Amino acid sequence: MRASIRFFTLLLIATFSVSCTHNKGIAESAPLAIEVAKIESKLLPYTKEFIAPISANYSATIQPRIAGFLIRSSFRNGMPVKQGDLIFTLDDAPQRANRLAAEASLSSSKAKAVEARRNYERAIPLARINAISQTQLDQYTAENLAAIASVKSAEQALRNARLDESYTRIYAPISGIISSSAAVAGDYVGPGTQFSTLTTIQSIDTICVDLAIPVSEYLAVSGRKSFSYDNATLLSDIRLNVADGDEYSEKGFYQYTRQSVASEMGTIVLVIGFRNPNYELKTGQFARVRATIGADRERIVVPQRAVSQVQNISSVWVIRPDSTAEYRKVELGNTLGEEWIVQSGVEAGEMVATTGLQKLRNGAKVCLTTNGGGKDE
């Protein structure tokens, strides 16, 4: 009896195992039903993104023209200043004394010049009647000319003294943001001292961003065979996004192309400007710049939901003509609505899966349905 029960149990197990194996084979051989989309080629602008630091349009270095003791600084560190604002004051006592001495010297020279002129004018009629010798006339003439030259020299000395005195007050040569100064009131500053440079002012009414484009890419998008310094028509629709992701209100504009190719990177650098009237943008901060480069050209696009991205690897499942799946890595460009621009990896006319991406395997048979331009098969 026990033998019969054991035999019957083994028979049931064998039958169940055969049934499961048979059903598993049926499940594996059944094609996976998925949606597909046909890869398209569209005439689109070539848009490229750059990550670059913001820099000032230009800056001015503030250096005293004369040496002297610093009396006061008339600005707040890191704050805006306007062109013509008084920013430093030096002790002007030595320069004021020199000016007063130059004024006195000029007065003396003018007085001597008056006397020399009168002597010369009196000597001329006397020389005509031979009342004085020609030698004496020549002497009066030379004294008069020397007095005139002395006045001119004294006038120039006074101008120099006044100029030196004006150098004791230093004004902002440009508008911008002024940095801090290492010199404080009481320090001896100016040429030949440890404070030959007092501070700098950065002009950020317009800020600059360098866009580095690989030479090969530049030649391809520009349609040129050689490098050009005039690239004003190459860029359009230049936009900037700051760190928080918001788009800056002002559009960018081309300024100039740097004079040499960056040999270590093999790139051409185009300098882009953005108006910054409210000083919203700061130098040194990184920004994301997006620009359209060159003319529109054919671009490959795929639906975004056809793309898988894992650890910086982007891929799609291409469906071959025999309805089998093939895994492909792709290099993506920018997004365009609900589509990705694909730079390499697939061709126009191919089919890509848009559903069931996690279930697909290389060589797996699929059953296709349409999705946005796909074709029933």
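**A walk through a predicted fold: strands, rings, charges and a pocket**

Asp-92 is buried, with a relative accessible area of 15%, where buried stands for under 20% relative accessible area, exposed for over 50%, and partly exposed for what lies in between (1.4 Å probe, protein chains only). The model is a predicted one, in which local features need pLDDT of at least 70 and side-chain atom pairs count only at pLDDT 80 or more, while totals for chains, interfaces and linings use all residues. Residues are numbered from 1 along each chain as its sequence is written, and side-chain values rest on heavy atoms, with hydrogens and water left out.

Asp-92 is a useful place to begin, as its side chain meets that of Arg-169 in a salt bridge, at 3.8 Å from N to O; the term covers a side-chain nitrogen of Lys or Arg within 4 Å of a carboxyl oxygen of Asp or Glu. This contact links distant parts of the chain, with Asp-92 in the loop between β6 and α2 (93–128) and Arg-169 in strand β7, 77 residues apart. Helices (H or I, at least four residues) and strands (E, at least two) are DSSP runs numbered from the N terminus. In contrast to its buried partner, Arg-169 is partly exposed, because its relative accessible area is 37%.

The strand that carries Arg-169 belongs to an open sheet of four strands in the order β7-β6-β4-β9, with antiparallel pairing; two strands pair if DSSP finds at least two bridges between them. β7 (169–171) and β9 (188–189) stand at the edges with a single partner strand each, so one side of each is left without a neighbour in the sheet. Between β6 and β7 the antiparallel pairing runs over three bridges, and Leu-86 has Tyr-171 as its bridge partner in β7.

Strand β7 also leads to the largest pocket, to whose lining it gives the most, with three residues. A pocket, on a 1 Å grid over the protein atoms alone, is an open set of points where a 1.4 Å probe fits, with protein on both sides within 12 Å along at least five of seven lines, and its lining residues have an atom within 4 Å of a point. The lining includes Arg-169, Ile-170 and Tyr-171, together with others such as Thr-61, Ile-62, Ser-166 and Pro-173, and the elements that give two or more residues to it are β3 (47–62) and β7. About 220 Å³ of space lies in this pocket, the volume being the space filled by probe spheres set on points that are joined across faces, edges and corners.

Strand β6 is involved in a contact of another kind, one of the four aromatic pairs that the structure holds. The rings of Phe-75 and Phe-88 have centres 5.2 Å apart and planes at 80 degrees, so they form an edge-to-face pair; rings of Phe, Tyr and Trp (its six-membered ring) pair if their centres lie within 6.5 Å, and planes under 30 degrees apart count as stacked, over 60 as edge-to-face and the rest as tilted. Phe-75 sits in the loop between β4 (68–73) and β5 (80–81) and Phe-88 in strand β6 (residues 86–90), 13 residues apart, and both are buried. A further edge-to-face pair is made by Tyr-248 and Phe-274, because their ring centres are 6.5 Å apart and their planes stand at 75 degrees. Tyr-248 lies in the loop between β11 and β12 (253–257) and Phe-274 in strand β13 (residues 267–275), so this pair ties together parts that are 26 residues apart in sequence. Tyr-248 is buried at a relative accessible area of 6%, and Phe-274 counts as buried at 0%.

The loop that holds Tyr-248 also holds Glu-247, whose partner Arg-290 in strand β14 is 43 residues away; their side chains meet in a salt bridge of 3.2 Å, N to O. Glu-247 is partly exposed, at 42%, and so is Arg-290, at 23% relative accessibility. These two residues are part of a network of salt bridges that also takes in Asp-237, Arg-239 and Lys-251. Strand β11 (residues 235–241) is mostly covered, with five of its seven residues buried, and five bridges join it in antiparallel fashion to β14 (residues 286–293), where Thr-292 is the bridge partner of Ser-236.

Across the whole structure a search finds 20 salt bridges, and one of a more local kind joins Glu-121 to Arg-117 at 2.9 Å, N to O. Both residues lie in helix α2, four residues apart, or about one turn of the helix. Glu-121 is partly exposed at 41%, and Arg-117 at 39%.
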